[in-house]
Amino acid sequence: GSDLIVTINENGVMINDAMVTVTDIEADNGVVHVINAVLIPEEEGPYTVVDVIVDSENHTTLETAVVAAGLVDVLSGEGTFTVFAPTDAAFDALPEGTLDAVLADMDLLTSILTHHVTGDVILSTALSDGMMITTFNGTELMVTISDNGVMIDNAMVTVADLMADNGVVHVINAVLIPEE
């Protein structure tokens, strides 16, 4: 899936940093061009919990909030994280004006967002009914497991175990508000 750069000049044809030395060796299923170097794909950076959120079309509000709160570097860094990620629909379900008010108050925004993150990787298989999860905010989330599914406080887990290099993301259908 990576791109190759073809350069044609007076020195010949280059594919990335490799010179084409022999061209057009035909085969039944294609053509071979011989080059004088091994092409090594560029290493991509780590795929973080922030990347999971950014790559999701259902988490644009969460992405905006994480950026506004200045948490991108923290959640893209080393460490282990579990993020309970409310969808755009979860943010839309908040009372009118709530989101705007929260986005305007950085302390409140940071408090709410860090109430959705833990410093451990907690896969769905490690959750148990009645389990308490301590958040970055210092608050606790209660896990309830029933025939209806898995709840984190008042939010249903709708997608579990979206893996990243530095943790895991679980999609939830409500915004978790820390108690005063």
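Okay, let's start with one residue, Ala18. If you skip the neighbours within four places in sequence, Ala18 is in contact with Val13, Ile35, Asn36, Ala37 and Leu39. One thing to say right away: this is a predicted model. So, where does Ala18 sit? It belongs to strand β3. Is Ala18 buried or exposed? Its relative accessibility is 0%, and anything under 20% is called buried, so Ala18 is buried.

Now pick a second residue, Asp92. Along the sequence, Ala18 and Asp92 are 74 residues apart, and in space their C-alpha atoms are 52 Å apart. Keep that distance in mind while we look at the whole chain. The C-alpha trace spans about 70 × 40 × 25 Å along its principal axes. A compact globule of 180 residues would have a radius of gyration near 16 Å, but what does this chain have? The value here is 23 Å.

A few more whole-chain numbers. For secondary structure, we've got six helices and 11 strands. Of the 180 residues, 33% are buried. The chain exposes about 10900 Å², and 52% of that comes from carbon and sulfur atoms. And if you take the contacts between residues at least 6 apart in sequence, 51% of them join residues at least 24 apart.

Let's stay with β3 for a moment, since Ala18 has company there. Ile25 is in strand β3 as well. How does Ile25 come out on accessibility, then? Ile25 has 38% relative accessibility, so we call it partly exposed. Ile25 also helps to make a nonpolar surface patch, together with Val22, Val32 and Val34, and that patch is about 260 Å². Two elements give two or more residues to the patch: β3, which runs 18–27, and β4, at 30–35.

Just before β3, there's a small backbone detail. Asn16 is in the loop between β2 (12–15) and β3. Its phi is near 55°, which is a positive value, and Asn16 isn't a glycine. With 29% relative accessibility, Asn16 counts as partly exposed. There's another residue to put beside it, Asp161, in strand β10, residues 155–164. Phi of Asp161 is near 60°, again positive in a residue other than glycine. Asp161 has a relative accessible area of 26%, so it's partly exposed too.

Okay, on to the inside. The largest nonpolar core has 24 residues, and the ones with the most contacts inside it are Val49, Leu62, Leu75, Val83 and Leu113. Which elements each supply at least two residues of this core? They are α1 (49–54), α2 (60–68), β5 (81–86), α4 (88–92) and α6 (106–114). The largest share comes from α1, with four residues.

Take Val83 as a way into that core. Again leaving out neighbours within four places in sequence, Val83 is in contact with Val49, Ile53, His116, Val117, Val168, Val169 and His170. There's also a second, separate core, made of 12 residues, and it includes Phe84, Leu127, Ile172 and Leu176.

Leu176 turns up again when we look at His115. His115 is found in the loop between α6 and β6, and β6 is 117–118. You might wonder, is His115 buried or exposed? Its relative accessible area is 2%, so His115 is buried. What is His115 in contact with, if we leave aside the neighbours within four places in sequence? Going along the chain, there's Thr135, Asn137, Thr139, Glu140 and Leu141, then Asp153, and then Leu176, Ile177 and Pro178.

Last stop, Gly130. Gly130 is in the loop between β6 and β7, where β7 is 132–134. With a relative accessible area of 39%, Gly130 is partly exposed. Not counting residues up to four places away in sequence, Gly130 touches Met142 and Val143. And Leu141, which we just met as a contact of His115, is 11 residues from Gly130 along the chain, with 9.7 Å between their C-alpha atoms.

So, to wrap up, three things to look for when you open the model. Find the 24-residue core through Val83 and the others with the most contacts. Then find the nonpolar patch of Val22, Ile25, Val32 and Val34 on the surface. And finally, trace from Ala18 to Asp92, 52 Å apart C-alpha to C-alpha. That's it from me, thanks.

Terms used
Residues numbered from 1 in each chain as written. Predicted model: local features only at pLDDT ≥ 70, side-chain atom pairs only at ≥ 80, totals over all residues. Heavy atoms only, no water. Core = buried A, V, L, I, M, F, W, Y, C linked by side-chain atoms within 4.5 Å. Buried < 20%, exposed > 50% of the residue type's maximum accessible area, 1.4 Å probe, protein only. Contact = heavy atoms within 4.5 Å. Patch = residues over 30% accessible without salt bridge, like charges linked within 9 Å, V, L, I, M, F, W, Y side chains within 5 Å. Areas by Shrake-Rupley, 256 points an atom, 1.4 Å probe, with all protein chains shown as cover. Salt bridge = Lys/Arg side-chain N within 4 Å of Asp/Glu carboxyl O. Rg over C-alpha atoms; globule rule 2.2 N^0.38 Å.
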